[in-house]
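Subject: Structure handover and notes

Dear colleague,

I am passing on the structure below, together with some notes on what turned up when it was examined. Please read them with the coordinates open beside you.

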Amino acid sequence: MSIQKSFQKKGKALTSLALATTLAVSALIPVQAEVTETTVNWTREQVSKIELNEDNTLPYLDISKLEKFTEDYHIWDSWPLTDRDGNIASIKGWKVLFALSAPNDVLPGKVHDIATIRYFYSKNGKDWTLGGTLFPEGASLGSREWAGSAMTDDGKIHAFYTATGHRGQEPLTFEQRLAMATGDIVVDSKGVRFENWGDHKIILEPDGKYYQTREQALQGEGGGYAFRDPMWFKDPKTDKEYILFEGNSGGAVGDRTFKQEYAGSTEYTSENPVPAGAVHANGNIGIAEVVDGDPSNLKMLPPLLEANYVNEELERPHIVVKDNKYYLFLDTHINKYAEGLQGPEGLYGFVSDTLIGGYEPLNESGLVLANPPENPYQAYSWLVLPNLNVVAFAHFGDIGDMSIDDIGHQSEEYQFEHFGGTLPPTVKLSIKGDTTKIVKEFSPGWIK
């Protein structure tokens, strides 16, 4: 099945739950580490090889039949509590899962305006109990909390999140900064809770060189802006620790010039000229090194991956190490591809023998799994766990030929009926070298 056929009529719709738009002022200029430039490009030629097949296409999901993860809240982006090495943590037999949330009477397109991190706990890793909000009310930085990660060490939780906007600010802005706080984990027969939080800290902001600032984005970019999704990672080969994150390539669009390496081979571009509008796509995946074991002290490094002239939004980056190889995963939307390219809502991946440099797309194009063409928005925000189980959230289902943008013009009843706001079935990946395939489905929320 060709990708062009699969995504006709979908166009450049605005995705209601996309975190793109806007705008982070760089008040803190982090120290940059002295490293060799080894940033890899995801090229237009690679993306042109995207094809849906039985190995990468999710089964059709009837969202209307899914049970709500919690009756009172929509939930979306989720992540488990891990230990310092990145394994799913077990705290006296309890596992913990975090998710972005909003009250269930909020329209789907408005949930990011009031997003709050809540947590759930479970003995078996598949049946979950709502614990409450991660942080005390009013404690976090920003006017709302966007996705991140969390790891535990020596009875403490180190929680990383995206501080979006500023508390009390009107109108809402979408300034994005990487933040963290440390607290105590309290466990008893009734479950898990978090107490005695220390001060919340901004740990990283864009520098303007490797990662675009708000001021640069305002100079005619015209697309999304991102500096978010901090993800903890410890390299098992070196024991060095890092934070991965989503960003955009530094500089203003007027200063951006095309390079052949963004497109691929000269043979490809001779037959597929790069449209001028592709200049607005500048997504990247950032990395910062933890200094002296202190998660709040980071050295900014050059990006692991860039998608200049290819894609403007590479969300929720994370790494799984398997068979001595580094597997770098990300999510992106139908409408985030540069002019002249097409791809599905999907999980994408790359593989390298080294943490920094050398990444090649999995399955030649990078596509690992995608929604089926007949239900192109059924799920999003996939996260690959160390055991290769993949969690996500149920987005919109059975909307016919409508785009996400069209849904916002429908009745409130229609929007609620077609929105998931819960977890879909967990899927299992098989990975062999540079190829992947979907091999199994589990019940929703299954992380064990």
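How many bridges join strand β13 to strand β14, and do the two run parallel or antiparallel? Strand β13, which covers residues 282-291, is joined by 9 bridges to strand β14, residues 294-308, and the two run antiparallel. Please bear in mind that this is a predicted model. Within that pairing, isoleucine 287 has leucine 301 of β14 as its bridge partner. The two strands belong to an open sheet of 5 strands, ordered β1-β14-β13-β12-β11, in which the pairing is mixed. At the edges of this sheet are β1 (40-41) and β11 (228-234), each of which pairs on one side only.

Strand β11 also holds a backbone feature that you may wish to look at. Aspartate 229, placed in β11, has a positive phi of about 65 degrees although it is not a glycine, and with a relative accessibility of 3% this aspartate counts as buried. Asparagine 196 likewise has a positive phi, here about 55 degrees, without being a glycine, but asparagine 196 sits in the loop between β9 (191-195) and β10 (201-204) and is exposed, its relative accessible area being 57%. A further backbone point concerns the peptide bond from glutamate 170 to proline 171, which is cis, with omega near -10 degrees; proline 171 belongs to the loop between β7 and β8 (176-188).

Strand β7, residues 156-164, contains histidine 158, which counts as buried because its relative accessibility is 11%, the cut-off being under 20%. The side chain of histidine 158 makes a polar contact of 2.9 Å with that of threonine 182. Leaving aside residues up to four places away in sequence, histidine 158 touches several others, among them Arg84, Asp153, Met180 and Pro295.

Two of those neighbours, aspartate 153 and arginine 84, themselves meet through their side chains in a salt bridge of 3.0 Å, N to O. Aspartate 153 lies in strand β6 (residues 144-153) and arginine 84 in the loop between β2 and β3, so this salt bridge ties together parts that are 69 residues apart in sequence. The partners differ in their surroundings: aspartate 153 is partly exposed at 33% relative accessibility, whereas arginine 84 is buried, with a relative accessible area of 16%.

The search of the whole structure finds 15 salt bridges. One of them joins arginine 193 to aspartate 188, with 3.0 Å between the closest N and O atoms; arginine 193 is partly exposed at 35% relative accessibility, and aspartate 188 is partly exposed as well, with a relative accessible area of 29%. Another salt bridge is formed by arginine 256 and glutamate 221, whose closest N and O atoms are 2.9 Å apart. That pair links distant parts of the chain, 35 residues apart, with arginine 256 in the loop between β12 (241-248) and α4 (260-263) and glutamate 221 in the loop between α3 (214-217) and β11. Both arginine 256 and glutamate 221 are buried. In addition, a network of salt bridges links Arg228, Glu246, Glu312, Glu313, Glu315 and Lys336.

Turning to the rings, the whole structure contains 24 aromatic pairs. Tryptophan 79 and phenylalanine 98 form a stacked pair, 6.2 Å centre to centre with 25 degrees between the planes. Since tryptophan 79 is in strand β2 (residues 73-83) and phenylalanine 98 in strand β3 (residues 95-103), the pair ties together parts that are 19 residues apart in sequence, and both residues are buried. An edge-to-face pair is formed by tyrosine 337 and tyrosine 348, with 6.3 Å between centres and 65 degrees between the planes; these two tyrosines are also both buried. Ring pairs further link Trp79, Phe98, Tyr119, Phe135, Tyr161, Phe194 and Trp197 into a cluster.

Finally, there are arginines placed over aromatic faces: arginine 118 lies over the face of tyrosine 73, at 3.8 Å from the ring centre, and arginine 144 lies over the face of phenylalanine 174, at 4.7 Å from the ring centre.

With best wishes

Methods: Residues are numbered from 1 along each chain as its sequence is written. This is a predicted model: local features need pLDDT of at least 70, side-chain atom pairs count only at pLDDT 80 or more; totals for chains, interfaces and linings use all residues. Side-chain values use heavy atoms; hydrogens and water are left out. Two strands pair if DSSP finds at least two bridges between them. Helices (H or I, at least four residues) and strands (E, at least two) are DSSP runs, numbered from the N terminus. Buried means under 20% relative accessible area, exposed over 50%, partly exposed in between (1.4 Å probe, protein chains only). A polar contact is a pair of N or O atoms within 3.5 Å; within protein, one must be able to donate a hydrogen and the other to accept it, and residues adjacent in sequence count only if both atoms are side-chain atoms. Contact means heavy atoms within 4.5 Å. Rings of Phe, Tyr and Trp (its six-membered ring) pair if their centres lie within 6.5 Å; planes under 30 degrees apart count as stacked, over 60 as edge-to-face and the rest as tilted. A charge sits over a ring if NZ of Lys or CZ of Arg is within 6 Å of the ring centre and within 35 degrees of the ring normal. A salt bridge is a side-chain nitrogen of Lys or Arg within 4 Å of a carboxyl oxygen of Asp or Glu.
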